[in-house]
Amino acid sequence: MINYSLFIQSARRLAEQLHKGQCDKAGKDYFEGHLQMVASKGKTWLEVIAGYLHDASEDTPYSTTEVIQRLEVIAGEKLPTEARETLKTALELLNSHRYNTREAYIKAIGKHPVAAAVKLHDLEHNLDISRIPNPTEKDLTKHQQYEEEYDYLSTEYRKIRKPRILFIHGYGGGAFGATATNLQRQLGEDATLFAPAFSNELSSFDNMLANIQHAQMVVENEGINLVIGSSMGGFTALRVKGCPRIVINPCMKPSELLYLPEFGNATQTEIDKYIHLEEALIPSPFEVDKTWALFAENDELFSYRWLFNQLFDSSHAFSVPGEHQNNPIRIRENIIPLIQEILIQR
């Protein structure tokens with residue numbers, strides 16, 4: 001699991017070090033007056049990190065590679081390979097010294113989602129002309145240029161920023177299992193799917209709490225637009241905050257199953273903890289409005305449609321053919337259309 005906060009805090013420290021003594025146009029400390037503001041607008045952990053470091057290779061003697069190396073030294077661990085490449089590309093695109101013209105610089109940024117997001121946040125701050133006590137004619141001309149660039153990048157960003165979906169597998173599943181793999185294949189280039197591994201050792205209540213915390217952390221740091229939870233993963237998904245959710249054959253009362261041998265014969269103490277968490281589920285108006293459920297017509301394991309209808313909007317509960325386990329047909333004919341409908345509303 002990625003230690004998001006470790007890398008974010010390391011980027012913050014590095015930005016403070018690299019820009020020490022620098023000031024913005026208003027004469028304020030550059031880190032406090034600008035970089036913190038740009039980073040705070042990031043919707044993903046990489047946008048936050050790039051927000052802190054977007055001027056590092058432009059305004060200091062260090063190359064992009066050296067900046068990332070220093071970040072990893074402060075963190076004490078390496079970035080995941082894909083994240084490292086994404087960050088490296090974004091920081092290189094954000095270095096205006098690499099381009100012959102401002103127009104080429106902005107157009108190149110508009111092709112990369114992280115770079116475009118950070119530049120939009122940078123321009124938002126620069127467009128606040130009230131930061132400059134006595135703006136000159138040059139400042140006003142720049143303001144007009146920034147407005148045009150902001151409009152251009154906003155349009156480009158909407159084109160390239162794919163919806164991001166978190167899939168939470170059920171009991172016995174793992175990272176990118178059969179349902180997640182089929183989902184990603186059928187979604188194709190229309191969305192990015194995150195499907196990490198969650199603990200299957202659910203006889204310990206602490207492992208379920210860790211699953212919920214893990215899911216919430218992914219939502220908050222990866223800019224997730226939709227959470228999907230299947231079976232036992234539905235229990236986790238229903239406790240994730242701030243995001244639309246789809247649950248598929250959700251196990252809404254694990255306490256009724258945990259005595260079974262396949263779950264490790266949980267003790268009554270552990271089962272009582274589950275019961276307390278089950279009873280504590282009181283959806284907010286947002287959660288009632290933004291939660292959907294699919295229930296198999298011939299579910300051989302369990303069905304908690306009656307409970308979903310009590311807690312959520314019963315018009316958001318749909319019957320689907322088949323048994324408990326998902327299959328490519330259900331994904332194509334029931335899950336994908338629901339995903340598309342929800343994402344259109346966002």
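Is C251 buried or exposed? In this predicted model, C251 has a relative accessible area of 1% and is therefore buried, since the cut-off for a buried residue is under 20%. C243 is also buried, because its relative accessible area of 3% falls under that cut-off. A search for disulfides across the whole structure returned 0.

Empty space in the structure was examined next. Rolling a probe the size of a water molecule over the atoms shows where empty space is left. The largest pocket holds about 840 Å³ of space. Its lining is made up of 29 residues, and those nearest the centre of the pocket are E82, R164, T192, F194 and E222. Six elements give two or more residues to this lining: the helices α3 (45-53), α6 (81-93), α8 (113-126), α9 (137-160) and α11 (205-222), together with the strand β2 (192-194). Sorted by class, the lining of the largest pocket consists of 18 nonpolar, 5 polar and 6 charged residues.

The second largest pocket has a volume of about 600 Å³. It is lined by 28 residues, with G170, Y171, S231, H324 and Q325 lying nearest its centre. Two helices, α10 (178-187) and α16 (328-345), are the elements that give two or more residues to the lining of this pocket. Of these, α10 gives the most, with 4 residues. The class make-up of the second largest pocket is 13 nonpolar, 14 polar and 1 charged residues.

Enclosed spaces were also counted, and the total came to 3 cavities of 30 Å³ or more. The second largest cavity contains about 50 Å³ of space. Its lining has 13 residues, and H169, S199, N211, M232 and G233 are the closest to its centre. The elements giving two or more residues to the lining of this cavity are α11 and α12 (232-237). The greatest share comes from α12, which gives 3 residues. By class, the residues that line the second largest cavity are 6 nonpolar and 7 polar, with no charged residues. Helix α11 is thus named for two of these spaces, as an element of the lining of the largest pocket and of the lining of the second largest cavity.

Two individual residues were then considered. N326 is placed in the loop between β6 (317-320) and α16. With a relative accessible area of 13%, N326 is buried, because this value is under 20%. The side chain of N326 takes part in a polar contact of 3.0 Å with the side chain of S230. A polar contact, also of 3.0 Å, links the side chain of N326 to the side chain of R330. When neighbours within four places in sequence are left aside, the residues in contact with N326 are T179, S230, I248 and I335. S230 therefore appears both as a polar partner of N326 and among its contacts under the 4.5 Å cut-off.

H143 is located in helix α9, one of the elements that line the largest pocket. A polar atom of the H143 side chain lies 3.0 Å from the backbone oxygen of L127. Apart from residues up to four places away in sequence, H143 touches L127 and I129.

Notes: Residues numbered from 1 in each chain as written. Predicted model: local features only at pLDDT ≥ 70, side-chain atom pairs only at ≥ 80, totals over all residues. Heavy atoms only, no water. 1 Å grid on protein atoms, 1.4 Å probe; cavity = no way out; pocket = protein on both sides within 12 Å on 5 of 7 lines; lining within 4 Å. Points joined across faces, edges and corners; volume = space filled by probe spheres on them. Nonpolar A, V, L, I, M, F, W, Y, C, P; charged D, E, K, R; others polar. Polar contact = N/O pair within 3.5 Å; in protein donor to acceptor, adjacent residues only side chain to side chain. Disulfide = S-S within 2.5 Å. Buried < 20%, exposed > 50% of the residue type's maximum accessible area, 1.4 Å probe, protein only.
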